[in-house]
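This report looks at two topics in turn, aromatic ring pairs and the pocket, and it is meant to be read with the structure in view.

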Amino acid sequence: YLGEVAADAFFAREEAIDRYQTVRREIQARDDLTDAQRRARLQAAEAELPESVREARAESRKFVDYEAQLQALQADPDTSQAEISQLRESTFGAEVAERLARVEAEQADWDRRWTDYRADKARLDDAGLAAPEQQEAVQRLRDQYFSDQEQVRVQALDSIR
């Protein structure tokens with residue numbers, strides 16, 4: 001109904017993505033390809049995508065690649081904080097690296113507090129307190145470890161554990 005020019009203008013990007021996804025599934029399903037052949041064919045298929053889609057995919061892969069490299073560095077006890085900082089900066093640039101370092105530090109702090117809280121709560125659970133005393137003690141723990149905003153998250157996490 002639209003004609004080829006109008007249809008291309010409206011749907012070419014989506015059709016290219018659909019074609020890529022189909023080809024990608026076909027490549028992944030083939031047992032006769034080596035890993036290197038599979039990677040090469042996937043790269044060739046991705047090269048057929050519009051440039052804006054390729055750029056978006058590359059940008060999203062950047063963080064996945066960073067996470068893998070970060071885990072590898074953190075697994076090595078000899079890794080220094082400077083090496084991790086260098087990885088952040090080389091992957092994302094100085095400004096983003098600084099923000100990411102703050103976020104990672106905040107997450108590490110949360111993880112530490114959550115672990116300590118769960119250990120203290122487990123001891124409370126084992127203490128055999130009556131329900132009202134148990135609730136008060138748990139609330140004191142939450143107040144000790146978490147801000148009011150964080151306590152909403154803690155309550156939700158407690159309810160599913």
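## Aromatic pairs

Rings of Phe, Tyr and Trp, the last taken by its six-membered ring, count as a pair if their centres lie within 6.5 Å, and a pair is tilted when its planes are neither under 30 degrees apart nor over 60. In this predicted model, the structure holds nine such aromatic pairs. The rings of Phe63 and Phe92 form a tilted pair, because their planes stand at 40 degrees, with the centres 6.1 Å apart. Since Phe63 belongs to helix α3 and Phe92 to helix α4, this pair ties together parts that are 29 residues apart in sequence. Phe63 itself counts as partly exposed, at 38% relative accessibility.

## Around Trp110

Trp110 and Phe146 also make a tilted pair, because their planes lie at 45 degrees, and here the ring centres are 5.0 Å apart. Trp110 sits in helix α5 and Phe146 in the loop between α6 (131-145) and α7 (148-160), so that the pair ties together parts 36 residues apart in sequence. Both Trp110 and Phe146 are buried.

Ring pairs join Trp110 and Phe146 with Trp114, Tyr117 and Tyr145 in a cluster, while Arg153 lies over the face of Trp110, at 3.9 Å from the ring centre.

## The largest pocket

The largest pocket encloses about 160 Å³ of space, and its lining draws at least two residues from each of α3 (51-75), α4 (81-92) and α5 (94-126). Phe63 is one of the lining residues, which also include Glu67, Leu70, Arg88 and Glu104. By type, the lining comprises six nonpolar, two polar and three charged residues.

Technical notes
Residues are numbered from 1 along each chain as its sequence is written. This is a predicted model: local features need pLDDT of at least 70, side-chain atom pairs count only at pLDDT 80 or more; totals for chains, interfaces and linings use all residues. Side-chain values use heavy atoms; hydrogens and water are left out. On a 1 Å grid over the protein atoms alone, a cavity is a set of points where a 1.4 Å probe fits but cannot get out, and a pocket is an open set with protein on both sides within 12 Å along at least five of seven lines; lining residues have an atom within 4 Å of a point. Grid points are joined across faces, edges and corners, and a volume is the space filled by probe spheres set on the points. Helices (H or I, at least four residues) and strands (E, at least two) are DSSP runs, numbered from the N terminus. Ala, Val, Leu, Ile, Met, Phe, Trp, Tyr, Cys and Pro count as nonpolar, Asp, Glu, Lys and Arg as charged, and the others, Gly among them, as polar. Buried means under 20% relative accessible area, exposed over 50%, partly exposed in between (1.4 Å probe, protein chains only). A charge sits over a ring if NZ of Lys or CZ of Arg is within 6 Å of the ring centre and within 35 degrees of the ring normal.
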